[in-house]
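Please open the structure in your viewer and keep the selection tool at hand. The tour below proceeds stop by stop, stating what to select and what is found there.

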Amino acid sequence: MADMPSTPVGPDEAADAVMGLTDSQTRAILASASDLSALLDAEGRVLWVSPALPALWGYTPDSVVGSSGWDWLHPEDLDEAQSLFRRVAQVPGAHDRIEVRLRNGSGDWRWTEQRFTNLLHDPSVAAMVATTVDVTERRAAHAQLARQDEFFRAVLSGAADIAVVCDADTTMRWVSPSVPMVCGHDPARIIGTKLVDLVHPEDRGGFDAMIASVASQAGAEDRIDTRVRHAGGDWRWSEHRVTNLLAHPGVRGLVFNNVDITDRRSVHEALQTREQFLRVVLETAHEGVWVLDADGRTRYANRRMAELLGVPVDMLLEHPLEDLLDPALASDLRGRLVRRAEGVAEGHELLVHPPGGSEIWLAISATPLPAGFAKAMPEGGSVALATDITDRKAHEESLRQRALYDPLTGLPNRALLHEHQRSLDERYAREGDHYGYLLCDVDGLNLVNNALGSLEGDRVLQEIGQRLADASRAGDCVARTTGDRFVVLCPGAETFQARRLAEDLVAGVEGRLPAGGSILWPSVSIGVASTTDVEPGALASAADSALYRAKRRGRGSVDVYDAAAPRDHRSSLQMLADLREGMHTGTLQLHYQPVVQTHTNRVAGAEALMRWNRPGHGDVPPSVFIPLAEEAGLISDLGAWSLRQACRDAAGWPSQQHVAVNLSAHQLLDESIVSTVNSALTDSGLPAERLWIEVTETAVFTDLPAAAARLGAIANRGVKISLDDFGTGYSSLVYLRELPVHAIKIDRSFVAGVGRNRDDEVIVSTLISLATTLGLRIIAEGIETGEQLHLLRRMGCKYAQGHLWSKAVPETEFGSVVTDIERRPARRALDQASRQERASSVDPLLKSRVMSMHRQGASPASISAALNADGIPAPSGKKWHRVTVAQIVHDIDSATSG
């Protein structure tokens, strides 16, 4: 390679070189441009396209010229584009723009800006001028990439001029037809007015001075830039070129040629000549322009290029690549220069580390320059356009993050989870490596959302996601797939290992979590499946089946899939069908547990409890069929049935006895619950004050305002409201203030500790005092022993229920149970424990004989006479008496029923 002059080439010399371009050189420059120009006939058929077509869009000119330009538009954009094109074609000199999708040579759809200008009337052009700018990246990254096409601007320059003939005082006598299109003024309305009146007040001084100077000399010319008011009231920059033709017989006026130069002013310099235009474009372009000779020395670089490389322009012109860039990048560019010397144009992306700055990404579009292109570059070189795409890269990375990661927790989302699972599936197929699939469901998240709001619910999800990630192994994939579900993939884990990992996750999630002013103890239930037992494609379904069973067992449970799991679902469906049938066949019944006045042993009422004897299966506990009914949406039907049945049963009881019916959270939030209660009372004839509605704190907590509204409407009818399981919920005292509560029930968990746990006794005593102060009835649940009853009476508890008196019994037995309870002196109820001890101390053979005679209808007197006749001693060692027999029978009955 011949030695090259080391003298750098400045912008003026570069412009001189451009002025000397041959036609082929001009085409080379056009081929490197980022915009595409075309000439179309009035129907949109392509007459000519610029040489940039192959490089920019992958089509050859021969394949495009002569065809319809509409063939490459996206079908959804076609109508709008054709409509705009037709509008522009109808107005000579009109122009407009639209953004549409075009298909490139690779078949991809790219967003473009189409600019149409009507020069059909111009004999030198006689076509519609269309300019295409690829704005895909601009639309995606919200950054405007400045693309300017010299040919497009040359075509538009004529249409942007306004000609005006004025008197010496600038009174307008004639304006060109382009005035309405360019500045919106109606020629008829501005003829006779002064042009100076349209000039911005701040610019009038210079404008008046120029007019005075030109008007003083025939044939004089001058120019000035001012702001001119358009018809809409906005100010736009205009270049005024004025010629004094006042003495010309055919004109007799000042001739103004005005050009809107607002866009030109945006690059801070007027475009006076072609050379000036080139310099302004290069120096103010958003893209970096870099001209290198064949030896890799910089012959020209604009300021933007220097900014992008982080090197002053002077240093760029003085040093080779090796002095400017890090060795790896310089070596890469050297290789690319060799390819461009062979005539190869290319586009590529570079990561540049400017000195003292942050790294940036550049998109480089490089085109070879032929030998002899300029005096300073006899052996040729290349010109490169560089665009900062750092924001676009960041946006792409952001899109990748959003596409693969959950925005709330930062964990992998379902898409990335599938990628991980595909990789594990391939390893399993190739090497037989097993892995576990753990499906985690957050327990009670809906309750948190309803009570504390979705923002707190989201924070809880974030914390649980972090705890799952912390509790998992390195290499496990923890992903969030839906609102309250997470999946953990465990490479190398067979079934027993996967279960152990699931148990570790459950333990890792548990722990105190402050949220919304409350303290939560979050938990997850997990369904486990492994390729040890299940094919990879069925893991998700298997884990879901296992999770279903885990949640049936309660919070924080783990279950492993087995082949019988699908049968569980079928069994549940059949159970639901049987349960629905049971409401009509009588297998579903209400049993009643008496509520007793502790000081008088009088029965004040009863709590209605559902019992189900399922045909072919026996008694099914409420803890089994109630959750199933809630899950299947049957609980409202069950609740309505129990209300109607309880009211019908209680209508036949003594007038002083009430019946208490439980309402679930689902029923409480159902607007129809008020009408359901009213219908049950009306149909049964039961007075409203004898119906008590029991609700739990948990049910109220789901939606306190809605619960208060429903319960208020029910209480207004005269129905009493009882708060069940009091003290075990979230904000108990709030309910006493917000709800129409008439009674509170002390939960059996506190009652069980009375006599054994000092803390429980303090809680119970406090609750009793609180209720007494507020004028509320207090009812203790789960009384089992005389000692509990004795202590509760001393604390002031006036109502209670429990097995000390009776378990829940069918309505047919309730009357006799009430009679038996009320016949007992209150003090005998306190001696229940000792009676049970006495009953257990009686000889089994003697108990059997006494109970056998009692069941055969023998009276206590006849039983005592028979025992005395046989010489059998009484437990006290004396003779048998009627009272002794009655006491033993009662003790045995009490011990059995208790």
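How many aromatic pairs does the count come to? In this predicted model, the count comes to eight aromatic pairs. A pair of aromatic rings is described by the distance of the centres and the angle of the planes.

**First stop: an edge-to-face pair**

Select Trp70 and Phe85. The centres of these two rings are 5.2 Å apart and their planes stand at 90°; because planes over 60 degrees apart count as edge-to-face, the pair belongs to that class. Trp70 is found in the loop between helix 4 (61-64) and helix 5 (75-89), whereas Phe85 belongs to helix 5. The two residues are 15 residues apart, and the pair thus links distant parts of the chain. Are these two side chains buried or exposed? Trp70 has a relative accessibility of 14% and therefore counts as buried, the limit being under 20%. Phe85, with a relative accessible area of 2%, is buried too.

Now add Phe116 to the selection. Ring pairs link Trp70, Phe85 and Phe116 into a cluster.

**Second stop: a tilted pair**

Select Tyr592 and Phe814. Their rings form a tilted aromatic pair, with 6.1 Å from centre to centre and 55° between the planes. Tyr592 lies in strand 23 (residues 588-597) and Phe814 in helix 34 (residues 811-823). This pair links parts of the chain that are 222 residues apart. Both Tyr592 and Phe814 are buried.

**Third stop: charges over rings**

Select Arg139 together with Trp111. Arg139 lies over the face of Trp111, at 3.7 Å from the ring centre. Then select Arg777 and Tyr799. Here the charged end of Arg777 sits over the ring of Tyr799, 4.1 Å from the centre of that ring.

**Fourth stop: a five-stranded sheet**

Switch to a cartoon view and select strands 6 to 10. These five strands form an open sheet in the order 7-6-10-9-8, with antiparallel pairing. Which strands stand at the edges? They are strand 7 (172-175) and strand 8 (221-229); each has a single partner strand, so one side of each is left without a neighbour in the sheet. On average, neighbouring strands of this sheet are turned by 30° against each other, direction ignored.

Select strand 6 (residues 161-166) and strand 7. The two run antiparallel and are joined by three bridges. Val164 has Val175, in strand 7, as its bridge partner.

Finally, select helix 10 (residues 204-215). Helix 10 packs on the sheet, where it touches strand 8, strand 9 (235-245) and strand 10 (253-260). The direction of helix 10 makes about 150° with that of strand 8.

Note on methods: Residues are numbered from 1 along each chain as its sequence is written. This is a predicted model: local features need pLDDT of at least 70, side-chain atom pairs count only at pLDDT 80 or more; totals for chains, interfaces and linings use all residues. Side-chain values use heavy atoms; hydrogens and water are left out. Two strands pair if DSSP finds at least two bridges between them. Helices (H or I, at least four residues) and strands (E, at least two) are DSSP runs, numbered from the N terminus. Axes are lines fitted to C-alpha atoms, for helices over the stretch in contact, and angles run from 0 to 180 degrees between N-to-C directions. Contact means heavy atoms within 4.5 Å. Rings of Phe, Tyr and Trp (its six-membered ring) pair if their centres lie within 6.5 Å; planes under 30 degrees apart count as stacked, over 60 as edge-to-face and the rest as tilted. Buried means under 20% relative accessible area, exposed over 50%, partly exposed in between (1.4 Å probe, protein chains only). A charge sits over a ring if NZ of Lys or CZ of Arg is within 6 Å of the ring centre and within 35 degrees of the ring normal.
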